[in-house]
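Biologist: Could you walk me through one part of this model up close? I'd like the contacts first, and then whatever they lead to.

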Amino acid sequence: MTEHATQQRRAVDRVVTAHRQTEGGGFVVRRPFPTAGLDNLDPFLLFDEMGPTEYAPGGAIGAPDHPHRGFETVTYLLDGAMEHRDSTGAHGVIRPGAVQWMTAGCGVVHSEMPTDQIQRDGGRVHGFQIWVNLRAADKMTPPRYQGFEADEFASRTLAGGGRLRVIAGDIDGVEGPVNTTSPVTYGHVTLAAGDRVDWDVPAGHTAFVHVFEGAANVNGTDAADGQLVLLSREEGTISVTATGHAEALLLAGEPLREPIARYGPFVMNSRQEIVTAFEDFEAGRLGTIPAAGSGVIRD
Ligand code: MN
């Protein structure tokens, strides 16, 4: 018996199977949401697994210049290298294990592309992009960019076996380095068969486990590669036990409980604010990306 065995466990609300979708310049993502049946998991607006894709030389594709307003984009890369440029002048290369947490706020134009080397030589690209909503009061804040290298994330062996990396928030006493705008927890677990992680999530927070390799049991419910297990918001522990080798992301966040008006790259609270976002973008008020070589080098 462990200390968690007698604690209440959150009930499983549903299991969502990611569907394949083409994004950006034509790359394939696995996307559990948004879909026609599931618009968001407040405060999370989108969850994309990019690849894993093995690109042939000359075949790599990304997302050329496009705008965002009203939320945050969080990119976590496992394989490959993505180059980012934006209208604030920021420029960086996201490498395996690194995270870019970008607060689009009032607006940014950015490009997210495999590096020139991967475009030329080909290679494997695998990662995640999650969109986190901003409160109405934070939607028009100036854009902000937080970049973290792989070695900035605490990684440790779990009592139940396996490895845990914490990107944001606190899991099992391990704290992530990201300064989030609203309370968000983001972890990555790598488990061998039988390994277990017990995750205590604050009551009321939305929480889900996304299995992206192997298979795991989440509070009594089996999930395979590409399946997301959404838990109820009651107080209680979430136990993830690998039924084979498994990798999973753990996500939780405080729901904002505000109206959501979304269209493409803009997420606001009202339809009029979406119209204004398009007008501002078309008038150039979200800026443009400076020419290569003139930006702030972060890599
Ligand atoms: Mn983007």
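Which residues does Q129 touch, not counting those up to four places away in sequence?

Modeller: Sure, and keep in mind that this is a predicted model. Leaving out residues up to four places away in sequence, Q129 touches L46, F47, D48, M50, T73, V74, T75 and E112. Q129 itself lies in strand β11, which covers residues 123-133. Its relative accessible area is 10%, so Q129 counts as buried, the cut-off being under 20%.

Two of those neighbours also meet Q129 through polar contacts. The side chains of Q129 and T75 are joined by one of 2.9 Å. Another, at 2.7 Å, runs from the side chain of Q129 to the side chain of E112.

E112 is where the metal comes in. The manganese ion has E112 (OE) as one of its protein donors, along with H66 (NE2), H68 (NE2) and H110 (NE2), and these lie 2.1 to 2.3 Å from the ion. Along the sequence, the spacing of the donor residues reads H-x1-H-x41-H-x1-E. H68 sits in strand β5 (residues 63-68) and H110 in strand β10 (residues 108-114), so this pair ties together parts that are 42 residues apart in sequence. Both histidines of that pair are buried: H68 has a relative accessibility of 3%, and H110 has a relative accessible area of 0%.

Now back to M50, which Q129 also touches. M50 helps line the second largest cavity, together with F27, V28, G51, T53, Y55, I61, M82, P114 and V125. Two elements give two or more residues to that lining, β3 (27-33) and β4 (44-55). Of these, β4 gives the most, with four residues. The volume of this cavity is about 70 Å³, and the structure holds three cavities of 30 Å³ or more.

As for how far to trust the picture, the chain averages a pLDDT of 93, and 95% of the residues score at least 70. The stretches to treat with care include residues 1-5, where pLDDT stays under 50 and the model has five contacts beyond four places in sequence. Residues 294-299 also stay under 50, with 11 such contacts in the model. Where pLDDT is low, predicted coordinates shouldn't be read in detail.

How values were computed. Residues are numbered from 1 along each chain as its sequence is written. This is a predicted model: local features need pLDDT of at least 70, side-chain atom pairs count only at pLDDT 80 or more; totals for chains, interfaces and linings use all residues. Side-chain values use heavy atoms; hydrogens and water are left out. Donors are N, O and S atoms within 2.8 Å of the metal (3.2 Å for Na, K and Ca); water is not among the atoms, so sites may look incomplete. Buried means under 20% relative accessible area, exposed over 50%, partly exposed in between (1.4 Å probe, protein chains only). pLDDT is the predictor's confidence in each residue, from 0 to 100. Contact means heavy atoms within 4.5 Å. A polar contact is a pair of N or O atoms within 3.5 Å; within protein, one must be able to donate a hydrogen and the other to accept it, and residues adjacent in sequence count only if both atoms are side-chain atoms. On a 1 Å grid over the protein atoms alone, a cavity is a set of points where a 1.4 Å probe fits but cannot get out, and a pocket is an open set with protein on both sides within 12 Å along at least five of seven lines; lining residues have an atom within 4 Å of a point. Grid points are joined across faces, edges and corners, and a volume is the space filled by probe spheres set on the points.
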